[in-house]
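Q: I'd like to take a close look at one part of this model with you, and then see how the rest is arranged around it. Could you walk me through it?

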Amino acid sequence: MKNEPIRILAADDDPEILKILSRILAGEGYQVVTAADGREAIERAAEDIDLYILDVNMPAVSGFAAAVRIRERFFAPIIFLTAYSGEGDRQMGFLAGADDYVVKPFSNSELLLRVKSLLRRVRQYGGTSSASPAEESLQEEAYGGTEKRRLLQYKDLILDLDAQSAVLDGQVVVLTYTEFKILELFLSHPGKIFSLENIYQSIWEEEAVGDGTIMVHIKNIRKKLKDSSRNPRYIKTAWGKGYYVD
């Protein structure tokens, strides 16, 4: 994470909620950029924004639609604010590019906990590659460059830990921070079975909340990798135990 003050873009069509968001975020030392709707959020999205907080139900352009547009240009994490907590709504949010979900009405401490957790995970995105020097050379060639990079490879899937990007069979795969981190966890420990609780604690660094979040993320990763849950090439299921790559 850069040394400059952390900038957060908060978008909500309710002026009172926007004031609350601005006040509690600024109180923690964050620089806050506000947007009154999804269209304005898209317009104000920028490279120096470190995190986005988007209300789902905004007029004209919803939070989901704004997230998709923002994800086309920027990789910063996204938190959705929503009055709905159903699994279908969560799945739609994660597919739109969200990294986390906060249900209204929310407590100030809960929101700040989610914000700090996400920013901490982004800051700790480094890691070490398990690839041998020969494998790294092949991976660098696949990326079309000669600069040494920290890469993880599994079959035709390559994770670039420095660029925080994924390439599948020569094509870039757009992942959220959370999806990337889950794949990094699996590829860094081939053969190890991770339970849902293991994955949650490894990524969020806190106790699992048991809301099916990890299962939704796994489903979305498989969809982006064009994988089958019945006969997967990448993330395998150990029934009753968890998930792994072999």
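How many helices and strands does the protein have? And for the close look: which way do the residues of S3 point, and are they buried or exposed?

A: Happy to. This is a predicted model, in which local features need pLDDT of at least 70 and side-chain atom pairs count only at pLDDT 80 or more, while totals for chains, interfaces and linings use all residues. Residues are numbered from 1 along each chain as its sequence is written, and side-chain values use heavy atoms, with hydrogens and water left out.

The protein has 9 helices and 11 strands; these are DSSP runs numbered from the N terminus, with helices being H or I over at least four residues and strands E over at least two. Of its 246 residues, 50% count as buried, where buried means under 20% relative accessible area, exposed over 50% and partly exposed in between, with a 1.4 Å probe and protein chains only. Contact here means heavy atoms within 4.5 Å. Among contacts between residues at least 6 apart in sequence, 56% join residues at least 24 apart.

Now to S3, residues 51–55. This strand is mostly covered, with 5 of its 5 residues buried. Leu-51, Ile-53 and Asp-55 point one way, Tyr-52 and Leu-54 point the other way, and all are buried. That fits a general pattern: in a regular strand the side chains alternate between the two faces of the sheet.

S3 belongs to an open sheet of 5 strands in the order S2-S1-S3-S4-S5, with parallel pairing. The edges are held by S2 (31–35) and S5 (100–103), each with a single partner strand, so one side of each has no neighbour in the sheet. On average, neighbouring strands of this sheet are turned by 20° against each other, direction ignored. For angles in general, axes are lines fitted to C-alpha atoms, for helices over the stretch in contact, and values run from 0 to 180 degrees between N-to-C directions.

On one side, S3 pairs with S1 in the parallel sense over 4 bridges; two strands pair if DSSP finds at least two bridges between them. Leu-9 stands opposite Tyr-52 in S3. S3 and S4 (residues 78–82) also pair in the parallel sense over 4 bridges, and there Ile-53 stands opposite Ile-79. Helix H1 (residues 15–26) packs on the sheet, touching S1 (7–11), S2, S3 and S4, and its direction makes about 170° with that of S2.

Helix H3 (residues 63–71) lies across S3, S4 and S5, running at about 155° to S3. Following the chain, S3 leads through H3 to S4 in a right-handed β-α-β crossover, meaning that with the strands pointing away from the viewer, the path from the first strand over the helix to the second runs clockwise.

Just before the strand, Ala-46 sits in the loop between helix H2 (38–44) and S3. At 23% relative accessibility, Ala-46 counts as partly exposed. Not counting residues up to four places away in sequence, Ala-46 touches Tyr-52 and Phe-74. Ala-46 and Leu-9 are 37 residues apart along the chain, and their C-alpha atoms are separated by 9.3 Å.

Elsewhere there is another sheet to look at. Here 4 strands form an open sheet in the order S6-S7-S8-S9, and the pairing is antiparallel. S6 (151–154) and S9 (171–173) are the edge strands, each pairing on one side only. Neighbouring strands of this sheet are turned by 25° against each other on average, direction ignored. S6 and S7 (residues 157–160) pair in the antiparallel sense over 4 bridges, with Asp-160 in S7 as the bridge partner of Leu-151.

Helix H7 lies across S6, S7 and S8 (165–168), at about 110° to S7. 11 of the 12 residues of H7 are buried, so this helix is largely enclosed by the rest of the structure. H7 also packs with helix H8 (residues 196–204) at an angle of about 115°, with their axes 10 Å apart. The contact is made by Thr-178, Lys-181, Ile-182, Leu-185 and Phe-186 of H7 and Ile-199, Ser-202, Ile-203 and Trp-204 of H8.
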